[in-house]
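Visitor: Could you take me closely through the pockets of this protein, and then through the residues elsewhere in the chain that deserve a second look? I would like one connected account rather than a list.

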Amino acid sequence: MELHDVWFVLIAVLWIGYFFLEGFDFGIGVLTKPLARNTAERRVLINTIGPVWDGNEVWLLTAGGATFAAFPDWYATLFSGFYIPLLLILVCLIVRGVAFEYRAKRPEPRWQRNWEEAIFWTSLIPAFLWGVAFANIVRGVDIDAQKNYVGGFWDLLNPYALLGGLVTLSLFTFHGAVFAALKTVGEIRDRARAMALRTGLVTAALAAVFLIWTQADNGTGWSLAALVIAVLALVGALVANQLAREGWAFVLSGATIVAAVAMLFLSLFPDVMPSTLDPAWSLTVTNAASSPYTLKLMTIVAAVFTPLVLLYQGWTYWVFRKRIGVQHIPGHDPAAALGPSATLDQA
């Protein structure tokens, strides 16, 4: 296997990790409206991801940086052609982070409601737009002989891409509901399981159409295997959720995301951005890659630092592994002034 193939796989792994982790982050943000019934329950949901949401976003930064270094032409074409949706995602992530930290800085209900509204929308919009972006990458876009995107913004809003957006939005919401059931106690835990069932059934219907469409247009034997795994994992997650086995339900909902995203990359390879104008103009792992020396140096650095990052992030999840409920939320706002990154003892 050539180094450019290795880095295609590594970038795929980074995106899979990002969607697995940030997926339930986005899901929790979306669920602050339909699942939480009052301020205390919204605080419970936000505190479930408080210690980890910013660490989860590191996977996005690493995926973007790796793409820039390993496949500069892919990065340039992607970020110029998808400028508007990627800018919207970036703005949402910035506002979302500010909302997490500022929501409880003042005691006024209106102040907190406004930031909670921001958390909802800045979770929903990226969850949808990531699906639109990746669906377009797999489907192919208008790329000319100079590796430039020559289409328009509205070309990205085609039926296949919009369906992809609905799939990621529903799948992340389902993943978030399962995570909420895993991390909470009391009535909110029961309602999270009920919400997981409803969102899971919607996800199953949307994902079935999208994945079969993808397989029919671009599929290989490997992508078909990933599709089967995604379907089985989703069914297993729904069954585990109904049996109140939240740990298994979370593992299986995460496996659904892993398999579904893997299927997209397996359908894409060896292209990284297919051209709908002429297949010969498509960006591939060969013509979009950096020099062999650059890829070799990146491989050495990644081999040293990646295990350290994984160990640290795993330790973070272990430290903040306990369930929380409304009984852990103080009734007075002086304590509520703590941000979402507070520990359970503080919150």
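Guide: In this predicted model, helix 4 (58-70), helix 5 (72-81), helix 6 (83-102) and helix 7 (109-139) each contribute at least two residues to the lining of the largest pocket. That lining is made up of 26 residues, and those that lie nearest the centre of the pocket are L60, F79, L86, L90 and W130. By character, the lining residues of the largest pocket comprise 21 nonpolar, three polar and two charged, and the volume they surround is about 560 Å³.

The second largest pocket, with a volume of about 420 Å³, also draws on helix 4, which supplies at least two residues of its lining, as do helix 1 (3-31) and helix 12 (292-319). Of these contributors, helix 12 gives the most, with seven residues. The lining of the second largest pocket counts 16 residues, with L14, T62, A302, F305 and T306 lying nearest its centre, and it divides into 13 nonpolar, three polar and no charged residues.

From the pockets we can turn to a charged residue, K183, which lies in helix 8 (residues 159-183). K183 is buried and yet has no salt bridge, the nearest side chain of opposite charge being that of D25, which is 11 Å away. Setting aside residues up to four places away in sequence, K183 touches T48 as well as F320, R321, K322, R323 and I324, and so the surroundings of this lysine include other positively charged residues, namely R321, K322 and R323.

The loop between helix 7 and helix 8 holds I143, which counts as buried because its relative accessibility is 0%, and buried means under 20%. When neighbours within four places in sequence are left aside, the contacts of I143 are T77, N148, Y149, M273, P274, S275, L277, W281 and L283. D54 is 89 residues from I143 along the chain, and the C-alpha atoms of these two residues are separated by 34 Å.

K147 lies in that loop between helix 7 and helix 8 as well, and its backbone has a positive phi of about 70° although the residue is not a glycine. With a relative accessible area of 26%, K147 is partly exposed, because this value falls between the 20% limit for buried and the 50% limit for exposed.

A positive phi is also found at A244, where the angle is about 60° although this residue, too, is not a glycine. A244 is placed in the loop between helix 10 (221-242) and helix 11, and its relative accessibility of 30% means that it counts as partly exposed.

A further backbone feature concerns the peptide bond joining F269 and P270, which is cis, with an omega of about 5°. P270 itself sits in the loop between helix 11 (246-268) and strand 1 (271-273).

Conventions: Residues numbered from 1 in each chain as written. Predicted model: local features only at pLDDT ≥ 70, side-chain atom pairs only at ≥ 80, totals over all residues. Heavy atoms only, no water. 1 Å grid on protein atoms, 1.4 Å probe; cavity = no way out; pocket = protein on both sides within 12 Å on 5 of 7 lines; lining within 4 Å. Points joined across faces, edges and corners; volume = space filled by probe spheres on them. Helix = DSSP H or I, 4+ residues; strand = E, 2+ residues; numbered from the N terminus. Nonpolar A, V, L, I, M, F, W, Y, C, P; charged D, E, K, R; others polar. Buried < 20%, exposed > 50% of the residue type's maximum accessible area, 1.4 Å probe, protein only. Salt bridge = Lys/Arg side-chain N within 4 Å of Asp/Glu carboxyl O. Contact = heavy atoms within 4.5 Å.
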